[in-house]
Amino acid sequence: MQTTIITGIIGKPLAHSLSPIIHNACFKQLSLDWQYIPFEVEPEAIDCLLKFARKSNIAGFNVTMPYKEMITGFLDELSHETLKIGAVNTVKILNGRAAGYNTDAGAIIRILKEQYGKSPKGKSVVLIGAGGAARAVAYAAHSLGCKKLAIINRTRSKAKRLKNDFKEEFDQINLLDEPGDMKNAVESSDIIINATPVGMFPETGKLPINIEYLKKGQFIMDLIYHPAETNFIKEAKQMGIKAVGGMPMFIYQAAESFKIWTGINPPQETMAAVVKDFFGE
Ligand code: NAP
């Protein structure tokens, strides 16, 4: 009899992670003898966990906050996008070696290709946030040929680091500090992406930027998936602006991780149904 193959997620806290239910639903549907387990670990246990994983029936795992950046120092290989983004959300263990990937970037690329409705080539992007997800957005925007990037972030030093790391990738890259700069940049941009938790459950009343700066013809994306539609997305839609929440990205990044471990495309409709069920929709 074959040993059950283990995958999972490392992070802290993990109580609200939806990843175990969506991956386990797909393993079950595909009759795979695999299990996805939440590993809530302390930072000092990561080295030990990787040493163990390399010598066990663990095929890989997802990585979430606060370990996406830190984990890069413990891996044997890093994919191209991971080197640029500086964050890993998927680890694959094969033949005793641990390789890091970032499937957030691929998920963002897929959404822009599928839902923007125009070619992102040459477009200008306003990015709210400068953390790991924002860096994946910058990578995705560059990969799709966007030419201008303007960054809004609470902590200037982090936005400055993002700007420096991606300055070769864009024709123009700016930091937006002053309200006037923000207004002008948002009004003249094509794509606006929120990569902060502002508006996330339970503080759903908050908006990441002044909604009055938005206008028709723009494309709005919010990476938050709880709630599935933030106020930012709802308000944009009410203004007749095309807007997409973080749920499709969540499913796409999970599907890509699943494929990295198993070599199989998972049933994404099952993932979506499990999430809908979870939120009682
Ligand atoms: P992170 O690395 O911790 O970065 C968080 C970013 O949000 C930083 O730029 C931070 O600014 C900013 N921020 C945090 N709290 C804020 C506040 N109260 N006001 C203003 N700015 C604030 O986190 P992350 O991994 O990039 O995740 C960011 C968001 O994306 C989260 O909501 C996460 O759930 C979402 N996400 C979604 C998916 C998906 O599949 N849909 C995947 C990944 C991430 P400072 O620099 O000032 O700290």
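**Exercise 1.** How many Å lie between a backbone N or O atom of G131 and an oxygen atom of the ligand? Then find the further backbone contacts with ligand oxygen, and state how much of the ligand is covered.

*Solution.* The model is a predicted one.
Step 1. For G131, the distance from a backbone N or O atom to a ligand oxygen is 3.4 Å.
Step 2. Residue A133 also places a backbone N or O atom 2.8 Å from an oxygen of the ligand.
Step 3. A third backbone contact comes from F250, with an N or O atom 3.3 Å from a ligand oxygen.
Step 4. On its own the ligand has 920 Å² of accessible area, and the protein covers 79% of that.

**Exercise 2.** Describe the shell around the ligand by residue, class and element.

*Solution.*
Step 1. The ligand is surrounded by 24 residues, the closest being A130, A133, N153, T155 and L223.
Step 2. Sorted by class, twelve residues of the shell are nonpolar, eight are polar and four are charged.
Step 3. Two or more shell residues come from each of α5 (132-143) and α9.
Step 4. Of the elements, α9 contributes the most, namely three residues.

**Exercise 3.** Characterise helix α9: its length, its burial and what follows its end.

*Solution.*
Step 1. Helix α9 runs over residues 247-262, which is 16 residues.
Step 2. From first to last C-alpha, α9 reaches 22 Å, close to the 22 Å expected at 1.5 Å a residue.
Step 3. Taking buried as under 20% relative accessible area, 13 of the 16 residues of α9 are buried, and the helix is mostly covered.
Step 4. After α9 comes G263, with a positive phi near 80 degrees.

Key
Residues are numbered from 1 along each chain as its sequence is written. This is a predicted model: local features need pLDDT of at least 70, side-chain atom pairs count only at pLDDT 80 or more; totals for chains, interfaces and linings use all residues. Side-chain values use heavy atoms; hydrogens and water are left out. Helices (H or I, at least four residues) and strands (E, at least two) are DSSP runs, numbered from the N terminus. The expected span of a helix is 1.5 Å times one less than its number of residues. Buried means under 20% relative accessible area, exposed over 50%, partly exposed in between (1.4 Å probe, protein chains only). A residue is near a molecule or strand if one of its heavy atoms lies within 4 Å of it. A polar contact is a pair of N or O atoms within 3.5 Å; within protein, one must be able to donate a hydrogen and the other to accept it, and residues adjacent in sequence count only if both atoms are side-chain atoms. Accessible areas come from the Shrake-Rupley method with a 1.4 Å probe; for residues, only the protein chains shown count as cover. Ala, Val, Leu, Ile, Met, Phe, Trp, Tyr, Cys and Pro count as nonpolar, Asp, Glu, Lys and Arg as charged, and the others, Gly among them, as polar.
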